[in-house]
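Me: I'm new to reading structures like this one. Could you walk me through it, one feature at a time?

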Amino acid sequence: MVLCWWETFLSPGTKIPPYATVIFDVLLVDLFNVKDDINVEVQMIPQPCRRKAVLGDFIRYHYNATFQDGTIFDSSYARNSTYNTFIGMGHVIAGIDKALQGVCVGEWRRVTVPPHLAYGETGSGELIPGSAVLIFDMHIIDFHNPKDQVHINVTNKPAACNLTSDANDLILYRYNCSLLDGTRLYSSDDYPEPPRVILGQGKLISGLDEGLHGMCVLERREITVPPHLAHGANDAMGIPTSAVLLFEVELLQLQKGVPEGFLFIWLHDSPEPLFPAMDMNQDHKVLLEEFAAFIMLQVAEGRGRIHPGIDSDKALKEMFRNQDRNTDGKITEDELNIIVNEEKEVVTHMEL
Ligand SMILES: [Ca+2]
Ligand SMILES: [Ca+2]
């Protein structure tokens, strides 16, 4: 179909005299065939392309939209915000819904959409005339599926690795957080000290917490976190809505932890009976100093583990208070036995 500026020559009601020679000055604006499909010209695909977008994915992309004569009629860059949509749900014109399938993160593609896969013969408002062929220059920022899990890519695994991070462990780690297009968001290097956190206790966004599990000291990883395991559809700390985040992390230190709610656990069986072992000077009472020395000896000899996230003096005092039921400043055998029996009923690891 060829459209020309016929209307501009003759104002309505103008009569063409007989035998007149009519001169057409033709500008070809659009050319398409009703059988045309979209035309996709892939301009750049970053490698590796881990996964291609499919129906049902949620995608964020930038675009410039032009007519065939090069006039820009719409641009996401002008709004300084990506266009975000589910693919294949009819939220965008049919041609774009189709063009978004099979893209890679970071891909640039030019898509030419014939009018029957865009705004048809009627066009759209004042912006898009009827039967217009539209060209979209698209840059895919990221996409994810609501079912996506955390993706972990180990970039450096130390040869010696006999201890790995798990829930309740205290870790010290470095990180950089960026968008998938490389935009840096925040980094532990922005702070004087790398962060220290206990895993598995809801202190971090859930996807990062999960990605930090199972690491050995000095291991490095790239952790890709979909928005539902990060900040979701909220604008948090300048992070765009529904953005997929990339964390580059390195585990610097690891202190094995104790289950939530515990201050100390035995790693093997506790001494049996416990009181005589704890009452190191055999005077039938255990004062704070004696108690602290006993516990720290267990930790030093690898028989027990104290809560890594709390100052150990504070933890020891708290543990002592828990045992010294009548608060007279000493633990007796009776007091200890009450606790031991109560604890044994509920847990296998005894908390002191
Ligand atoms: Ca004693
Ligand atoms: Ca007491």
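**Hairpins and their turns**

Reply: Let's start with a hairpin in this predicted model: β2 and β3 are joined by 4 residues, and within that turn G70 has a positive phi of about 95°.

Me: How do β2 and β3 pair, and over how many bridges?

Reply: They run antiparallel, with 3 bridges between β2 and strand β3 (residues 72–75). To find one spot where the strands face each other, look at T66, which sits opposite I72 in β3.

Me: Which residue takes a positive phi in the hairpin of β8 and β9?

Reply: That's G182, with a phi near 95°, and this hairpin has 4 residues between its strands. β8 and strand β9 (residues 184–187) are antiparallel and share 3 bridges. Here C177 has Y186 in β9 as its bridge partner.

Me: And what about side chains along a strand?

Reply: As a general idea, side chains in a regular strand alternate between the two faces of the sheet.

Me: Now the big picture. How many helices and strands does the protein have?

Reply: There are 8 helices and 16 strands. The radius of gyration is 34 Å, well over the 20 Å that the globule rule gives for 352 residues, so the protein is more spread out than a compact globule. The C-alpha trace tells you its extents too: about 130 × 40 × 35 Å along the principal axes.

Me: Where do the domains begin and end?

Reply: Domain 1 covers 35–144, domain 2 covers 151–255 and domain 3 covers 264–346. Taken over C-alpha atoms, the centres of domain 1 and domain 3 are 67 Å apart.

Me: What share of the residues is buried?

Reply: Of the 352 residues, 26% count as buried. As for contacts, take those with a separation of 6 or more: 68% of them join residues 24 or more positions apart.

Me: What should I look for in a core?

Reply: The general idea is that nonpolar side chains tend to be buried together in soluble globular proteins. In this structure, the largest nonpolar core has 29 residues, and I59, V113, F136 and I140 touch the most other members. Two or more residues come from each of β2, α3 (94–99), β5 and β6. β6 gives the largest share, 6 residues. A separate core of 21 residues includes L212, I223, L229 and L245.

Me: Which residues is V113 in contact with, leaving aside neighbours within four places in sequence?

Reply: Its contacts are I38, I93, G95, I96, A118, V133, L134 and F136.

Me: Next, the backbone. Which non-glycine residues should I check for a positive phi?

Reply: Try S131, whose phi is about 55°, and L218, whose phi is about 75°. S131 is in the loop between β5 (108–113) and β6 (134–144), while L218 is in the loop between α4 (206–211) and β11 (220–225).

Me: Why does S131 count as partly exposed?

Reply: Count the C-beta neighbours inside 10 Å: S131 has 19, so it is partly exposed, as 20 or more would make a residue buried. L218 is partly exposed as well, with 15 other C-beta atoms within 10 Å.

Me: Is A160 buried or exposed?

Reply: A160 is exposed, because just 8 other C-beta atoms lie within 10 Å and the cut-off for exposed is 12 or fewer. You'll find A160 in the loop between β7 (151–156) and β8 (170–179). A160 and V217 are 57 residues apart in sequence, yet their C-alpha atoms are 9.1 Å apart in space.

Me: Where are the cis peptide bonds you'd point out?

Reply: One runs from Q47 to P48, with omega near -5°. P48 is in the loop between β1 (39–44) and β2 (58–67). Another runs from E272 to P273, also with omega near -5°, and P273 is in the loop between β13 (264–266) and α5 (274–278).

Me: Last one: which elements have the lowest and the highest mean pLDDT?

Reply: Helix α1 (residues 6–9) has the lowest, 48, and β11 the highest, 98. For the protein, the mean pLDDT is 89, with 91% of residues at 70 or more. Watch residues 1–8, where pLDDT stays under 50 and the model has 10 contacts beyond four places in sequence. Residues 345–350 also stay under 50, with 8 such contacts.

Key
Residues numbered from 1 in each chain as written. Chains lettered and ligands numbered in written order. Predicted model: local features only at pLDDT ≥ 70, side-chain atom pairs only at ≥ 80, totals over all residues. Domains from an automatic or database assignment. Pairing = 2+ DSSP bridges. pLDDT = per-residue confidence, 0-100. Contact = placed C-beta atoms within 7 Å. Core = buried A, V, L, I, M, F, W, Y, C linked by C-beta atoms within 7 Å. Rg over C-alpha atoms; globule rule 2.2 N^0.38 Å.
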